[in-house]
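Trainee: I would like to work through this model with you. Where should we start?
Mentor: Have a look at it, then ask away.

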Amino acid sequence: MRICDRWMQEGTTGRRGRSHPLQCSTSREDRQIVRMAVTNRSVTSRTIAQHIESVTHYPVSACTIRRRLQQSGLSARRALLCLPLTQNHRHLRRQWCDERRMW
């Protein structure tokens with residue numbers, strides 16, 4: 001049973017002294033989140049949240065996923081805007097620029 005479920009069922013006030021909310025994801029789920037992000041760099045936080053929810057049947061927000069990744073030392077990645085040039089493309093581009101350079 002999860003910590004947040006137990007608290008909601010019992011209705012206790014043991015949470016009052018805390019300055020932060022209870023963590024509603026287990027350490028096992030946190031490891032799975034990190035593993036998914038590391039193995040597939042193009043996966044989004046929403047996709048990970050949907051996967052975790054389908055496996056555990058508990059709703060997890062994309063913000064929670066991003067927070068867990070940040071706590072694990074993984075920063076946000078920007079999508080690749082263009083493909084990097086190959087060695088041949090760089091050579092041809094440089095050659096084109098050299099031919100048209102003003103002396």
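What follows is a set of questions and answers on this predicted model.

Trainee: What does the secondary structure of the chain come to?
Mentor: Go from the N terminus on, and the elements run α-α-α-α-α. There are zero strands. The total is five helices.

Trainee: In which helix is confidence highest?
Mentor: Begin with the whole chain: the average pLDDT is 79. Of the residues, 73% score at least 70. Confidence is lowest in helix α1, residues 3-10, with a mean of 53. At 92, the highest value belongs to helix α5, residues 87-99.

Trainee: How much of the chain counts as buried?
Mentor: Take the surface before the interior. The accessible surface comes to about 9,000 Å², and carbon and sulfur atoms account for 54% of that. The chain has 103 residues. The share that counts as buried is 20%.

Trainee: Which elements give two or more residues to the largest nonpolar core?
Mentor: In soluble globular proteins, nonpolar side chains tend to be buried together. Here the largest nonpolar core has nine residues: Ile 33, Met 36, Ala 37, Ile 48, Ala 49, Ile 52, Val 60, Ile 65 and Leu 69. The elements that give two or more residues to this core are α2, α3 and α4.

Trainee: What is Ile 48 in contact with, leaving aside its neighbours within four places in sequence?
Mentor: Ile 48 belongs to that nonpolar core, and it is one of the buried residues of α3. Its contacts beyond those neighbours are Ile 33, Met 36, Ala 37, Val 43 and Ile 65.

Trainee: What span does helix α3 reach from its first C-alpha to its last?
Mentor: The helix runs over residues 45-56, so at 1.5 Å a residue the expected span is 1.5 Å times one less than its number of residues. That number is 12. The expected value is 16 Å, and the span in the model is close to it, at 16 Å.

Trainee: Why do the buried residues of α3 line one face of the helix?
Mentor: First name them: Ser 45, Ile 48, Ala 49, Ile 52 and Thr 56. Seen down the axis of α3, they line one face because they fall within an arc of 100 degrees. On the other side, Arg 46 and Gln 50 are exposed. The cover over the buried residues includes α2 (27-39) and α4 (62-71).

Trainee: Which exposed residues does α4 carry on the face turned away from its buried side?
Mentor: Start with the buried residues of α4: Ala 62, Thr 64, Ile 65, Arg 68 and Leu 69. They cover an arc of only 155 degrees around the axis, which puts them on the same side of α4. Their cover includes α2 and α3. The face turned away carries Gln 70 and Gln 71.

Trainee: Is Arg 68 buried or exposed?
Mentor: Arg 68 lies in helix α4. Its relative accessible area is 7%. The cut-off is under 20%. Arg 68 is therefore buried.

Trainee: Which residues does Arg 68 touch, not counting those up to four places away in sequence?
Mentor: Look towards residues that come earlier in the chain. Glu 29 is 39 residues apart from Arg 68 in sequence, and the two are 9.8 Å apart C-alpha to C-alpha. The residues that Arg 68 touches are Gln 23, Cys 24, Ser 25, Asp 30 and Ile 33.

Trainee: What is Asp 30 in contact with, leaving aside its neighbours within four places in sequence?
Mentor: Asp 30 has its place in helix α2. Asp 30 is buried, at a relative accessible area of 15%. Its contacts beyond those neighbours are Gln 23, Ser 25 and Arg 68.

Trainee: Which residue takes a positive phi just after α3?
Mentor: Look in the loop between α3 and α4. The residue there is exposed, with a relative accessible area of 67%. It is not a glycine, although its phi is about 65 degrees. It is His 57.

Trainee: What phi does Gly 73 take?
Mentor: Gly 73 comes just after α4. Its phi is positive. The value is about 90 degrees.

Note on methods: Residues numbered from 1 in each chain as written. Predicted model: local features only at pLDDT ≥ 70, side-chain atom pairs only at ≥ 80, totals over all residues. Heavy atoms only, no water. Helix = DSSP H or I, 4+ residues; strand = E, 2+ residues; numbered from the N terminus. Buried < 20%, exposed > 50% of the residue type's maximum accessible area, 1.4 Å probe, protein only. Arc of directions from axis to C-beta. Contact = heavy atoms within 4.5 Å. Areas by Shrake-Rupley, 256 points an atom, 1.4 Å probe, with all protein chains shown as cover. Core = buried A, V, L, I, M, F, W, Y, C linked by side-chain atoms within 4.5 Å. pLDDT = per-residue confidence, 0-100.
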